[in-house]
Amino acid sequence: MMHFSDDERFLPTGTHRRMKEIERDIEASLKNIINKREKAMKAGETVKIDLLGLMLESNQAEIQKRGNKNAGMTLKDIIGECRLFYFAGQETTASLLVWMMVLLSRYSDWQARAREEVLQVFGNQKPDFDGLSRLKIVTMILYEVLRLYPSGIGITRTVLKDMKLGDMTIPAGVDVSLPILLVHHDRELWGDDAKEFRPERFSEGVSKATNGRLTFFPFGGGPRICIGQAFAMLEAKMALSIILQRFSFELSPTYTHAPTTVITLQPQYGAQIVLHKLCI
C-alpha cells in the first residue's frame, strides 16, 4: 500500500496539471484586463467605475503622492485582489443561492409566501432596486439561510497588540478564531429552535433577532466587514425574485443533505432540484 506525505499535492497528476493550467489561464486573463485598463488610464481615458478601476486609480494616486513606483501595489498584488473579488464574490453568493433553493424546496410554505411578495411588488416585470429594497419576507429568508448555512463557516483574526476582551487578556500575536457556524447554531443565543428554519425570527430585523449582540455575522463585522455585503444581498434578492416569478421548485428524491466546506459551505453531493415552469 502506498502512503503519501502532505506534499502529495505537488505530484504531477492529471488533476494537478489541470489545476496548474487553469491557474495560468486565469492569471493571463487578469493580466490582459489589468494592462488594458492601465493603458487606458495613461491615455487619459475615463476610468471605468468598478472595483478594479477604483483600485487602479487609488494605486496610481498613491504612487504619484509618494513619487515612488514601489510605493503602490505590484501587478501580483493587483492580480491577487482580482482573484479575491471574483472568487469571494461569486462563490459566496452562489453558495447562498444554492442553500436558499434547498431550504425553500423543503419549506414550500415559505416559498409560496416569498413568491406572493415578489409578484405583489414586481408582477411579471423585471425586478428593480427600489422594489428589491421593499421585499421584507425575502429578506427574512435570506437572513435565516445565512444564519443556518453561512458561506464562510469561520474567520480568523490576529491580535496585533495586547488587549482585553471582556474578562480575557489576549497577548499580541495570538490568532483568534471566530466560528460563525457554531455561533449561528448556539441554542443559548438563538433558543431551542436554533437549528430550525424559522425566517420569522428576523421579522423585526437583525438587531431585534440578536438582542443587539454580534451573534449574527455571516459577512464578518466591525471595520473589516465584507465590502461586498450589500451587493451580495442585492444579487441574491434579484436572482431569487426572478426564479420565483418563473418557477416553483422542489428537491429531487436523489438529494442527500450533506453540507461540507470547500472554501465555502456547499452540498457535498450537489443540490438536485426539480423546477416547474409557472404559467402566470
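Seven aromatic pairs were counted in the predicted model. One of these joins Tyr143 and Phe202, whose ring centres are 5.4 Å apart and whose planes meet at 50°, a tilted arrangement. Tyr143 belongs to helix H6, which spans residues 136-148. Phe202 is found in the loop between helix H8 (187-190) and helix H9 (206-209), so the pair ties together parts of the protein that are 59 residues apart in sequence. The two partners differ in their exposure to the surface: Tyr143 has a relative accessibility of 22% and therefore counts as partly exposed, whereas Phe202, at 3%, counts as buried.

Phe202 also pairs with Trp190. This second pair is again tilted, with 6.1 Å from centre to centre and 50° between the planes. Trp190 lies in helix H8 and Phe202 in the loop between H8 and H9, so in this case the parts tied together are twelve residues apart in sequence. Both Trp190 and Phe202 are buried. Together with Tyr143 and Phe216, these two residues make up one aromatic cluster.

Charged side chains were also found over aromatic rings. Arg147 lies over the face of Trp190, a member of the aromatic cluster, at 5.2 Å from the ring centre. A further case involves Trp110, where the charged end of Arg113 sits over the ring at 4.1 Å from its centre.

With regard to the overall fold, the protein contains ten helices and eight strands. Its C-alpha atoms fill a box of roughly 60 × 55 × 50 Å, taken along the principal axes. Of the contacts between residues at least 6 apart in sequence, 64% join residues that are at least 24 apart. Buried residues account for 31% of the 280 residues.

The accessible surface of the protein amounts to about 18100 Å², and carbon and sulfur atoms contribute 55% of this area. The charge count gives 36 positive and 33 negative charges. The mean position of the positive charges and that of the negative charges are 4 Å apart.

Key:
Residues numbered from 1 in each chain as written. Predicted model: local features only at pLDDT ≥ 70, side-chain atom pairs only at ≥ 80, totals over all residues. Heavy atoms only, no water. Helix = DSSP H or I, 4+ residues; strand = E, 2+ residues; numbered from the N terminus. Buried < 20%, exposed > 50% of the residue type's maximum accessible area, 1.4 Å probe, protein only. Contact = heavy atoms within 4.5 Å. Areas by Shrake-Rupley, 256 points an atom, 1.4 Å probe, with all protein chains shown as cover. Lys, Arg positive; Asp, Glu negative; His and termini not counted. Charge placed at Lys NZ, Arg CZ, Asp CG, Glu CD. Phe/Tyr/Trp six-rings, centres within 6.5 Å; stacked < 30°, edge-to-face > 60°. Lys NZ or Arg CZ within 6 Å of the ring centre and 35° of its normal.
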